[in-house]
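Reader: I am in my first year and would like a close look at a single part of this protein. Please choose one strand and describe what lies around it.

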Amino acid sequence: MKRNIADVLLEALSDSAIVKPLARDDGRRDVSLSSGESGIAVLDIPQNTVVVNMHALSPGTVRAFLHEKRAWLSGIYAFAGASDDRSFIAFVEANDTVTQRSETEKRLSGAVCVMDYCASVAREFCGSPGLLDGHSRHFVKIKARGRVNRRFDFNRRLAANDSLGNIRILEGGRIPFRYLIA
């Protein structure tokens with residue numbers, strides 16, 4: 001029987017790598033992401049979803065492969081879980097600085113590699129073969145620039161954000177979770 005990805009990641013990863021959600025009075029959960037000087041809140045996280053801070057997951061490994069001084073996984077998060085009988089993993093860059101699209105693609109590609117590594121560890125040590133099999137992958141960049149009043153239109157046709165070539169770009173400091181995987 002295939003185990004829930006959130007349960008396996010909670011078992012396999014250290015507490016410092018997991019971003020703890022904040023519970024609201026109405027029972028819904030939010031998570032706060034660091035994006036430099038600004039903060040981004042992702043609202044209404046599903047119950048069986050885990051948020052992984054990719055930089056906290058492997059800061060030593062990241063620095064071992066860099067020849068530059070900046071940490072290229074800082075501000076990168078992975079949301080893994082299931083919602084409405086649909087398994088997903090969303091790779092999110094939360095950033096308030098202007099970066100080239102190629103830089104965002106490199107950072108999110110690094111996050112994919114780290115999660116693939118986690119899946120290998122889960123297969124070998126947690127008895128969870130095929131941990132990421134069947135999960136839809138989503139790639140998102142969130143720009144934390146002021147307040148954006150535009151509404152997300154679910155009725156119009158959305159470009160798929162299922163590959164590094166199709167990154168969804170969102171703006172604002174408070175983003176509903178469904179925008180990440182819509």
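Author: A good place to begin is a helix and the strands beneath it. In this predicted model, helix α4 lies across β6, β7, β8 and β9, and its direction makes about 135° with that of β7. Strand β7 is the part to follow here.

β7 covers residues 86-95. Eight of its 10 residues are buried, so the strand is mostly covered; the cut-off for buried is under 20% relative accessible area.

Take the neighbour that comes before β7 in the chain. Strand β6, residues 76-83, runs antiparallel to β7, and eight bridges join the two. One of the pairs across this border is A78 with F91, the latter in β7. The two strands form a hairpin with two residues between them. D84 sits in that turn and has a positive phi of about 55°.

On the other border the sense changes. β7 pairs with strand β8, residues 136-143, in the parallel sense, again over eight bridges. Two positions show how these strands line up: I89 has R137 of β8 as its bridge partner, and N95 stands opposite K143 in β8. In general, strands of a sheet pair through backbone hydrogen bonds, and the pairing is either parallel or antiparallel.

The link from β7 to β8 involves the helix named at the start. Helix α4 spans residues 101-125, and together β7, α4 and β8 make a right-handed β-α-β unit.

One residue of β8 deserves a stop. K141 is in this strand. Is K141 buried or exposed? K141 counts as buried, because its relative accessibility is 5%. Leaving out residues up to four places away in sequence, K141 touches E93, T97, T99, T104, I167, R168, I169 and L170. Of these, E93 falls within the residue range of β7, T104 within that of α4, and R168, I169 and L170 within that of β9.

Now place β7 in the whole sheet. Six strands form an open sheet in the order β1-β5-β6-β7-β8-β9, with mixed pairing. β1 (18-19) and β9 (168-171) are at the edges; each has a single partner strand, so one side of each is left without a neighbour in the sheet. Helix α1, residues 5-12, also packs on the sheet. α1 touches β1, β5 (49-53) and β6, and its direction makes about 40° with that of β5.

Around this sheet is a protein of 182 residues, of which 43% count as buried. The protein has five helices and 10 strands. Among contacts between residues at least 6 apart in sequence, 67% join residues at least 24 apart. The accessible surface comes to about 10,200 Å², and 49% of it belongs to carbon and sulfur atoms.

A last point concerns confidence. The average pLDDT of the protein is 79, and 80% of the residues score at least 70. Confidence is highest in β5, at 91, and lowest in helix α3 (residues 59-65), at a mean of 52.

Definitions and conventions:
Residues numbered from 1 in each chain as written. Predicted model: local features only at pLDDT ≥ 70, side-chain atom pairs only at ≥ 80, totals over all residues. Heavy atoms only, no water. Buried < 20%, exposed > 50% of the residue type's maximum accessible area, 1.4 Å probe, protein only. Helix = DSSP H or I, 4+ residues; strand = E, 2+ residues; numbered from the N terminus. Pairing = 2+ DSSP bridges. Right-handed = clockwise from strand over helix to strand, strands pointing away. Contact = heavy atoms within 4.5 Å. Areas by Shrake-Rupley, 256 points an atom, 1.4 Å probe, with all protein chains shown as cover. Axes fitted to C-alpha atoms, helices over the stretch in contact; angles between N-to-C directions. pLDDT = per-residue confidence, 0-100.
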